[in-house]
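Welcome, and please take a moment with the sequence and the model below. We will walk through the structure together, one region at a time.

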Amino acid sequence: MPPSPSSAGAGAASPSGSASASASDPTPSWWESVSQARSRILALSSILPAAVSHDVAALADADRPARALLRSPAAYAGLSDALRAGGGADDPACHWLYDTLLSADPDLRLAALAFLPLLAALYLRRLPPELPSSLSGFEAVLLAVYSSEAKNRQGKPILVQVPDLSVPSLYHTPASSPSSKSPRRSQPPPIPPPQSTPVVGVLSPPLEPQAAVKSTKRAGIIGVAFEAYYSKISQMPAASKVDACNAAAAWAGQYCKCRFELDENDLEEEEGDSLGSVSPMSSEAENGKELEDELARMRINGDSSGRNCSEDDKEARVPLPWELLQPVMRVLGHCLLAPLNPAEVRDAAAEAVRVVYARACHDLVAQAILAARSLIELDKSARKAAKAAASAASGQIVAVGTAGSNASSSRPSSKPNTPSKQRKPDTLLVSK
C-alpha cells in the first residue's frame, strides 16, 4: 500500500530501510545498481498490462537496465496510462514512483523523475478531489521530490548574482599610461574604478519541511519539483518534455488569437517590406508565406477568431503564481532552444510559450510577459536562421549538381573506334 501524504513527507525527509542504506552508502557498486534496477523493472512490469509487460521486463537484461528504462518508449507509455487511471492511495503506479525516487541509483531516480510533468498535470487537473484520498498517491510522489530537494539544499536559498551595469568595467575603462611624445611629463596615477556591488537575486527561497500538500503551499511544492526536473532535463526523454510543454499550455489555458500577436506583427512587417520588390514571389514573400503556414499548423489547440478571450477554457486552467511559473518557463526555454531537441519538442514548447504569453497579457503579469515575449522572439529568430541555413544548403547542392553536369557535358566523349594520339615512348636516362 503506498504511503499517505503525511507519511510521505517524513519518509522522504528521513527514509528508512533502503533509503537509510542509500544515505550511508550514496555511491553503490555497479552490481548493486544493476540488481536494484532489475528488481525495479520487474516490479514495474508486474503492474502494467500484458501488452507492454513483456517489453518492459526485457529491459532487465540490458547492460544498463536503469538507462534502458529511462529511454524506453514502451515503459513510458505504459506507466503514463497507469497514472492517468490512478492517483489514489492504493495506486501501484504511484507506489512504484515513490519507491523508485528513494533509490540510491541516480539513473533510477531519473527514470521516476521523467514522469513528474505528467503527474503534476493530472494532479492539478483533478483538483478539487472528489474524495480526500483520491489524489494522495500523487501528493506522496510530489512530497518525496520536495523533501529530497529540501534535504539537498540544507536550508539555503538558491541565489543568482547579476553584475552592476552602472559601474565601468575593465573593457571600457582603460588604464592611463605615459605618452610617448612627452616622456618627461609626469602622469597622475590612475583612478581605480569604484567597487562594483553585485545584485543578488533569490532564485528559490529556503525550503521548509512539509508534511502535507496544503492549498497555500501547493504551487511552491510543484514549483520545487519542476526545479528538480529542470536540473536533469538534458537527460529526459522527448516524450517527457512534450508532456511538460502540454502541461504548461493546459495550465495557462489561454487559447485565443492573442497568443499569435507577436507572430502576426512580424508577418505584417515582412509583408510590408516585400511590397517594394520586383517579383511578387521574392524570398521575403516566400518566407512570409512559410511563416503563415507554420502559424496555421501550430493553431491546433484553439480557434483563431478570439471568441474565447472572454470565455476562457476553464477545464484545466490553474492559478500561476511566479513560484510555479518561473521553473516552468525555464523548462519551456530548454525545450524551445536546446539544439538536440527533436522537432516535436520544439513545436510543443512554441505552442506552450505562446499560450503562456496570452495568459500573462490577460492577467497583466509583467514578469511572465517579459519572459514569454523573450522566448517567442528567440524562437522566431531560431526558426528564421534554420530556414536560411536550409535554403543556403539546398542552393549549394543545386550549384554543385549544375557544375557537375556542365563538367560532364563539356568532357570529350571517348569511343572505342576513335583513334587516339600515339603516346611517345618514355626516355630513360642510363648512366654510362
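Let us begin at Leu364, which sits just after helix H16 and takes a positive phi of about 60°. This is a predicted model, so the values that follow are computed from its atoms. Helix H16 itself covers residues 343-363. How far apart should the ends of helix H16 be at 1.5 Å a residue? The 21 residues should span 30 Å, and the end C-alpha atoms are indeed 30 Å apart, so the expected and the modelled span agree.

Now step back to the whole protein. The protein contains 17 helices and two strands. Of its 432 residues, 40% are buried. Among the contacts with a separation of 6 or more, 78% join residues that are 24 or more positions apart. On the outside, the protein exposes about 25100 Å², and carbon and sulfur atoms supply 57% of that area.

Aromatic rings are a good next stop. A pair of aromatic rings is described by the distance of the centres and the angle of the planes. The count for this model comes to three aromatic pairs. One of them is formed by Tyr76 and Phe115, with 4.7 Å from centre to centre and 15° between the planes, and this pair is stacked. Tyr76 belongs to helix H6 (residues 73-84), while Phe115 is in the loop between helix H8 (106-113) and helix H9 (116-125), so the pair ties together parts that are 39 residues apart in sequence. Are these two rings buried or exposed? Tyr76 is buried, with a relative accessible area of 9%, and Phe115 is buried too, at 6%.

Another pair has a different geometry: the ring centres of Phe226 and Tyr229 are 6.4 Å apart and the planes stand at 65°, so this pair is edge-to-face. Phe226 and Tyr229 are both in helix H11 (residues 218-231), and because they are three residues apart they are separated by about one helical turn. An α-helix has 3.6 residues a turn, so residues three or four places apart point the same way. Phe226 counts as buried at 2% relative accessibility, and Tyr229 is buried at 0%. Ring pairs also bring in Trp251, which makes a cluster of Phe226, Tyr229 and Trp251.

Where does Ser240 lie? Ser240 is part of helix H12 (residues 238-252). With 0% relative accessibility, Ser240 counts as buried. Leaving aside residues up to four places away in sequence, Ser240 touches Tyr76, Ala114, Pro117 and Tyr229. Two of the ring residues we have already visited are on that list: Tyr76 and Tyr229.

Charged side chains come next. Side chains of opposite charge can pair when their charged atoms come close. A search of the whole structure finds 13 salt bridges. In one of them, Glu227 pairs with Arg153, and their closest N and O atoms are 2.4 Å apart. Glu227 is in helix H11 and Arg153 in helix H10 (residues 136-153), so this pair links distant parts of the chain, 74 residues apart. Both Glu227 and Arg153 are buried.

A second salt bridge joins Asp379 to Arg354, with the closest N and O atoms 3.1 Å apart. This pair also links distant parts of the chain: Asp379 is in helix H17 (residues 366-410) and Arg354 in helix H16, 25 residues apart. Asp379 is buried, and so is Arg354. These two residues belong to a network of salt bridges that links Asp263, Asp347, Arg354, Asp379 and Arg383.

Helix H17 holds another pair as well. Lys380 forms a salt bridge with Glu377, and the closest N and O atoms are 3.5 Å apart. Because Lys380 and Glu377 are three residues apart in helix H17, about one helical turn separates them. Lys380 is buried, with a relative accessible area of 7%, whereas Glu377 counts as partly exposed at 32% relative accessibility.

Our last stop is on the surface. Which residues make a nonpolar surface patch of about 280 Å²? The patch is made by Leu159, Val200 and Val202. Leu159 lies in strand E1 (residues 158-162).

How values were computed. Residues are numbered from 1 along each chain as its sequence is written. This is a predicted model: local features need pLDDT of at least 70, side-chain atom pairs count only at pLDDT 80 or more; totals for chains, interfaces and linings use all residues. Side-chain values use heavy atoms; hydrogens and water are left out. Helices (H or I, at least four residues) and strands (E, at least two) are DSSP runs, numbered from the N terminus. The expected span of a helix is 1.5 Å times one less than its number of residues. Buried means under 20% relative accessible area, exposed over 50%, partly exposed in between (1.4 Å probe, protein chains only). Contact means heavy atoms within 4.5 Å. Accessible areas come from the Shrake-Rupley method with a 1.4 Å probe; for residues, only the protein chains shown count as cover. Rings of Phe, Tyr and Trp (its six-membered ring) pair if their centres lie within 6.5 Å; planes under 30 degrees apart count as stacked, over 60 as edge-to-face and the rest as tilted. A salt bridge is a side-chain nitrogen of Lys or Arg within 4 Å of a carboxyl oxygen of Asp or Glu. Patches are made of residues with over 30% relative accessible area and no salt bridge: like charges are joined within 9 Å, nonpolar side chains (Val, Leu, Ile, Met, Phe, Trp, Tyr) within 5 Å.
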